[in-house]
Amino acid sequence: MSPRIGTLDSLREHLQWAIELEHATLPPYLTALYSLDPERNPEAVEVVGGVFVEEMLHLALAANLLNAVGGRPLLDTPRMLPPYPRRLPHGDPSFEVSLVPFGAEALEMFLRLEQPAPPGAPPEDDGYETIGQFYAAIEQGLRHLCDQLGEQAVFCGDPARQVSGAHFRHTAGRLIAVDGLASALAALEEIVEQGEGTASGSVWDGDQDVFHPERDEVAHYYRFQELKLGHRYQRGDTPESGPTGEKISVDLADVRPIGRNPRPAVPGSAIRTAQEEFNRTYCDLLQLLEQAFNGSPKQLADATRTMFTLKGQVQALMKMPDGGPTFEYVPRESRR
């Protein structure tokens with residue numbers, strides 16, 4: 001059976017969807033992260049913060065893949081920020097992600113988001129049940145097109161648009177410059193293994209733990225299992241055994257209480273002013289990332305600085321009664 005991604009245009013379209021998919025996870029992770037106090041819930045902050053950084057890495061890898069096949073990554077667009085709750089771009093319509101503080105609901109949502117594909121699950125290029133199945137469809141399309149057209153015709157992008165490891169830190173994952181089929185497959189493997197573990201059904205993602213270099217790194221799905229079940233995975237543990245290592249404590253009573261999927265506050269109110277300021281800064285971040293992935297990789301440093309500005313804005317917003325980030329798109333002409 002021929003793959004559904006059977007043309008270069010279709011491949012580029014699906015890789016843009018991959019960028020939109022990786023971005024769709026960022027506001028929910030950020031909201032949960034900033035609802036946590038690092039002093040009172042250090043282990044939860046470490047997990048959610050680490051996953052957020054790796055999702056940014058996956059976004060950059062998806063952009064490298066799209067650039068490698070002659071596409072142009074788009075990030076500063078209203079398509080990136082539909083209202084929450086929302087489904088994943090072109091994903092299973094029965095699953096929606098929301099903006100909620102860290103807690104039982106957030107953990108269940110993150111586990112569903114990162115869940116491994118069942119053994120033998122087919123590639124799915126649209127309406128995918130798991131992220132792994134979506135990337136399997138992209139891999140299938142890449143291999144098919146290289147067979148049909150030749151590798152050189154598929155990987156026709158400008159190598160200068162690749163963002164490499166020198167521009168990305170704070171994760172054990174690798175930011176791979178994509179210049180052919182082998183590096184493209186390595187980039188896809190990095191994305192999938194960090195999310196759901198190695199293809200052999202392991203809880204590990206193949207990297208060293210960036211916070212604890214003496215430990216192997218646990219894939220995202222299993223990191224959330226650790227928080228849910230209150231124990232770390234240790235060597236010898238499997239998906240079936242669950243985590244049997246040291247205890248992890250999470251204090252759910254000590255989380256900033258923000259409403260579910262915060263709505264815009266009354267125009268002119270202090271909360272609305274803070275929400276609008278945050279939204280402008282977030283859209284500035286999208287613009288910087290778009291520039292970084294379209295030939296100006298040094299903009300990643302400006303994007304990192306903008307993340308620190310966002311952090312201060314969202315923490316101030318969450319301290320206001322009924323205050324919470326709305327992640328609304330602000331047109332370029334309306335930003336300072």
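Before I come to any residue, let me fix one term: partly exposed covers a relative accessible area that is neither under 20%, which would be buried, nor over 50%, which would be exposed. Please also keep in mind throughout that what we are looking at is a predicted model.

I will begin with the salt bridges, of which the structure holds 20, and in particular with Asp76, which forms one with Arg332, where the closest N and O atoms are 2.9 Å apart. That pair links distant parts of the chain, since Asp76 sits in the loop between α3 (42-68) and β1 (86-87) while Arg332 sits in the segment after α10 (299-319), 256 residues apart. The two partners differ in their surroundings: Asp76, with a relative accessible area of 7%, is buried, whereas Arg332 has a relative accessible area of 41% and is therefore partly exposed.

Asp76 has a further partner in Arg335, and here the side chains meet in a salt bridge at 2.7 Å, N to O. Because Asp76 lies in the loop between α3 and β1 and Arg335 in the segment after α10, this pair ties together parts that are 259 residues apart in sequence. Arg335 is buried, its relative accessible area being 9%. Taking the wider view, Asp76, Arg332 and Arg335 belong to a network of salt bridges that also includes Arg72, Asp284 and Glu290.

The segment after α10 comes up again with Glu328, which forms a salt bridge with Arg272, the closest N and O atoms being 2.8 Å apart. Here too distant parts of the chain are linked, Glu328 lying in the segment after α10 and Arg272 in helix α9 (residues 270-292), 56 residues apart. Glu328 is partly exposed, with a relative accessible area of 23%, while Arg272, at 11% relative accessibility, counts as buried.

Let me now turn to the cavities, where the count comes to three of 30 Å³ or more. What lines the second largest of them, which holds about 110 Å³ of space? The lining of this second largest cavity consists of twelve residues, and the closest to its centre are His58, Glu114, Ile131, Ile191 and Gly195. Several helices take part, in that α1 (8-24), α3, α4 (104-114) and α7 (181-196) each supply at least two residues of this lining, and α7 gives the most, with four. By class, the lining of the second largest cavity is made up of five nonpolar, three polar and four charged residues.

Methods
Residues are numbered from 1 along each chain as its sequence is written. This is a predicted model: local features need pLDDT of at least 70, side-chain atom pairs count only at pLDDT 80 or more; totals for chains, interfaces and linings use all residues. Side-chain values use heavy atoms; hydrogens and water are left out. A salt bridge is a side-chain nitrogen of Lys or Arg within 4 Å of a carboxyl oxygen of Asp or Glu. Buried means under 20% relative accessible area, exposed over 50%, partly exposed in between (1.4 Å probe, protein chains only). On a 1 Å grid over the protein atoms alone, a cavity is a set of points where a 1.4 Å probe fits but cannot get out, and a pocket is an open set with protein on both sides within 12 Å along at least five of seven lines; lining residues have an atom within 4 Å of a point. Grid points are joined across faces, edges and corners, and a volume is the space filled by probe spheres set on the points. Ala, Val, Leu, Ile, Met, Phe, Trp, Tyr, Cys and Pro count as nonpolar, Asp, Glu, Lys and Arg as charged, and the others, Gly among them, as polar.
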